[in-house]
Amino acid sequence: MKEVIIDYLKAMKLKIAHGYIEKQLLSHPDYPSILSASDILEQLGLNVQVGKIGKKQLPEIPFPYLLHTNSINGGFLLVNDEQTLVKEQEKLKAWEGVILKAEHIKTISDPSNNKAVLEDCFNKWTKSFAILGMGLLLLTAFLPSAGLFNSLFLLTALSGLLLGYVFVAKDLGVKYSAVESFCGAEAANQCDQVLTSEYSNLFGPVTFSDLVLPYFAMQTMIAASIMPVSANSPAWWTFLSALAVLSIPAIIYSVYYQWAKIKAWCRLCLLVVGVLLMQIGLFAYAFQSGSIVLATPGPLTIVSSALLFLTIGSAAVWVKAIIKDHNKTKQSEATAKQVKYDPKVFTQYLLEQRKVEVKPLKHEISIGNPEAELQLVMASNLFCNPCKAMHEKLNALLQVWPDSLHISFRFLSVKMKDENEANPRAHLVHYWLQNIHGSADESRRTQEIIHDWFNREGIEEFFSHYELRPESHSDLSEVLKRQDDWVKEAKITKTPTLFLNGYELPTQYTIKDLTSMIPGLIDHLQHEEKLKIKRQEKHEQGIV
């Protein structure tokens with residue numbers, strides 16, 4: 001399912017981080033389901049509609065969209081164009097009319113995704129530069145003494161090396177659209193069928209595909225780095241030609257088991273077979289034409305080649321094992337988060353926390369939607385570094401869910417050494433009352449002034465930038481007193497302290513957790529509220 005959701009976002013030409021989207025989906029309590037897809041898309045800032053329509057109405061729906069079924073891709077079929085509807089008639093038989101459609105947007109509003117996109121872009125460029133640099137270094141060492149045969153052999157070795165990388169990537173679950181398309185879509189993908197069969201295991205955990213990468217990497221290193229500086233090239237060529245002859249049993253083994261035992265053809269495996277046959281043909285022609293001559297490989301040639309193969313092979317298997325363990329850890333983490341993000345589990349933890357009165361104060365400094373189901377109150381200190389970080393996290397949370405959340409800030413008093421010195425809290429609240437409160441963009445400007453305070457160069461610079469008008473606001477003293485009284489009544493002993501709908505946020509949960517939980521949490525609270533009203537009505541009827 002996750003691949004279909006990612007493809008859907010790509011079809012909408014949105015910049016997404018595949019790993020981040022996958023992680024969010026797998027962590028959703030209801031994954032895989034249409035609810036999990038809808039919630040994650042809304043988290044990214046898309047307006048999502050889920051409904052039921054007839055097949056005759058499909059041509060009226062703008063592309064792309066998702067059809068929810070019970071049989072394919074975890075329940076989804078991506079429809080990009082009219083050709084998809086014509087081509088997927090068989091799959092549409094499992095469709096019961098449920099459609100998911102998201103409105104087009106230019107950019108995703110989720111800061112976590114956008115940060116992950118930049119990290120992915122950076123990693124992609126560094127990987128590309130590393131590969132390019134390595135290739136140029138190989139060519140620099142190889143080209144000055146390269147002939148036609150040398151160049152053709154290196155080309156086959158590099159082709160095999162690329163195929164070896166694809167095998168390792170497939171084993172780790174990394175998918176490339178071009179490779180998947182070449183292997184065949186979905187059930188027709190016989191590459192996976194062959195590569196995961198029992199016949200692909202040659203030596204316990206070592207598979208046929210595990211040998212492809214080190215074998216061709218060894219050839220590439222010898223041809224491009226060792227032979228150009230070696231005084232005994234004929235011995236190296238003889239050794240490589242002997243390896244080519246020894247690959248014949250592997251070719252026969254691969255073709256036989258695909259044809260007779262598995263009864264499926266792996267196109268990637270056949271490409272490897274093709275490369276090996278080309279190398280055999282190249283050596284046969286080279287020896288026949290006298291381009292290279294036979295020479296007995298010395299012990300150093302054989303030992304160094306074996307060490308090169310074993311080193312590369314061991315490193316590849318080791319790194320692959322590390323990545324697999326990492327992927328298992330990620331899967332376990334996602335499974336744990338499915339439980340953690342369950343609204344029932346969170347609500348149980350929440351209701352066990354201490355409760356305080358969070359009734360809105362007069363002239364409350366707040367951001368977000370005042371009518372939202374979720375009401376967050378933060379006790380903050382203007383000289384608290386953790387408070388600074390928390391304010392930024394709350395701004396990011398509100399950026400993802402602007403209509404689902406209301407956040408109030410109650411600042412602790414600031415003790416000044418000199419009573420005549422300007423008090424930062426009083427100054428900030430006073431300016432807010434004079435210039436921001438009641439304005440059309442109150443929420444944005446409130447976020448801005450708090451951000452500017454915590455990122456100030458100095459207190460005096462902040463005061464001069466947010467200069468007060470001469471007249472004093474009549475409610476300033478009352479606002480400050482109400483905040484002080486609340487801090488005392490709520491027994492605030494540390495900052496930041498967060499309260500959600502009157503209950504202190506459990507220590508097991510973070511603001512980042514809330515980002516993923518809000519849609520389900522709102523639905524759960526609304527459901528609980530309806531049940532509460534029904535129980536109350538039944539109770540009243542019983543009394544009557």
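**Exercise 1. Find the residue that stands opposite H68, and place the pair in its sheet.**

Solution. H68 stands opposite V98 in β4. The structure is a predicted model. Work outwards from this pair.

Step 1. Identify the two strands. Strand β2 covers residues 65-69 and strand β4 covers residues 95-102; they run antiparallel and are joined by 4 bridges.

Step 2. Place them in the sheet. The sheet is open, has 4 strands in the order β1-β4-β2-β3, and its pairing is antiparallel. The edge strands, β1 (48-52) and β3 (76-79), each pair on one side only. On average, neighbouring strands of this sheet are turned by 25° against each other, direction ignored.

Step 3. Recall what holds such strands together. Strands of a sheet pair through backbone hydrogen bonds, either parallel or antiparallel.

Step 4. Add the helix. Helix α1 (residues 2-11) lies across β2, β3 and β4, and runs at about 20° to β3.

**Exercise 2. Describe the second sheet, and state which strands stand at its edges.**

Solution.

Step 1. Read the order. This open sheet has 5 strands, ordered β7-β9-β8-β10-β11, and its pairing is mixed.

Step 2. Take the ends of that order. β7 (366-368) and β11 (503-504) stand at the edges with a single partner strand each, so one side of each has no neighbour in the sheet.

Step 3. Look at one pair inside the sheet. Strand β8 (residues 374-380) pairs with strand β10 (residues 497-500) in the antiparallel sense, over 4 bridges. For A379, the bridge partner in β10 is T497.

Step 4. Add the helix. Helix α20 (residues 476-489) packs on the sheet and touches β8, β9 (405-411) and β10; its direction makes about 95° with that of β9.

**Exercise 3. Classify the packing of α12 on α13 from the angle between them.**

Solution.

Step 1. Take the geometry. Helix α12 (residues 248-262) and helix α13 (residues 267-289) pack at an angle of about 150°, with their axes 10 Å apart.

Step 2. Apply the cut-off. Angles over 145 degrees count as roughly antiparallel, and α12 and α13 are therefore roughly antiparallel to each other. Their crossing is left-handed.

Step 3. List the contact. On the α12 side are I248, I251, S254 and Q258; on the α13 side are C269, L270, V273, L276, L277 and I280. By class, the residues of this contact are 8 nonpolar, 2 polar and no charged.

Step 4. Look at the connection. The loop between α12 and α13 contains K263. K263 is not a glycine, yet its phi is positive, about 60°.

**Exercise 4. Classify the two packings of α14, one with α2 and one with α10.**

Solution.

Step 1. Start with α2. Helix α2 (residues 18-27) and α14 pack at an angle of about 45°, with axes 7 Å apart. They are therefore oblique to each other. The contact is made by K23, L26 and S27 of α2 with Q331, E333, A334, K337 and Q338 of α14. Its residues divide into 2 nonpolar, 3 polar and 3 charged.

Step 2. Continue with α10. The axes of helix α10 (residues 208-226) and α14 come within 9 Å and cross at roughly 135°. That makes α10 oblique to α14, and the crossing is right-handed. Among the residues in contact are L211, M218 and I222 of α10 and L308, F309 and I312 of α14. By class, the contact of α10 with α14 has 12 nonpolar, 2 polar and 2 charged residues.

**Exercise 5. Explain how far apart E333 and K337 are along their helix, and state how their side chains meet.**

Solution.

Step 1. Count along the helix. E333 and K337 are 4 residues apart in helix α14 (residues 299-340), so about one helical turn separates them.

Step 2. Check the side chains. They meet in a salt bridge with an N to O distance of 3.2 Å. The structure holds 16 salt bridges.

**Exercise 6. Locate two cis peptide bonds.**

Solution.

Step 1. Recall the usual case. Most residues other than glycine have a negative phi, and most peptide bonds are trans.

Step 2. Take the bond between Y31 and P32. This bond is cis, with omega about -5°. P32 is found in the loop between α2 and α3 (34-43).

Step 3. Take the bond between F63 and P64. This bond is also cis, with omega about -5°. P64 is found in the loop between β1 and β2.

Technical notes:
Residues are numbered from 1 along each chain as its sequence is written. This is a predicted model: local features need pLDDT of at least 70, side-chain atom pairs count only at pLDDT 80 or more; totals for chains, interfaces and linings use all residues. Side-chain values use heavy atoms; hydrogens and water are left out. Two strands pair if DSSP finds at least two bridges between them. Axes are lines fitted to C-alpha atoms, for helices over the stretch in contact, and angles run from 0 to 180 degrees between N-to-C directions. Contact means heavy atoms within 4.5 Å. Angles under 35 degrees count as roughly parallel, over 145 as roughly antiparallel, 65 to 115 as roughly perpendicular and the rest as oblique. A crossing is left-handed if the near helix is turned anticlockwise from the far one by less than a right angle, and right-handed if clockwise. Ala, Val, Leu, Ile, Met, Phe, Trp, Tyr, Cys and Pro count as nonpolar, Asp, Glu, Lys and Arg as charged, and the others, Gly among them, as polar. A salt bridge is a side-chain nitrogen of Lys or Arg within 4 Å of a carboxyl oxygen of Asp or Glu.
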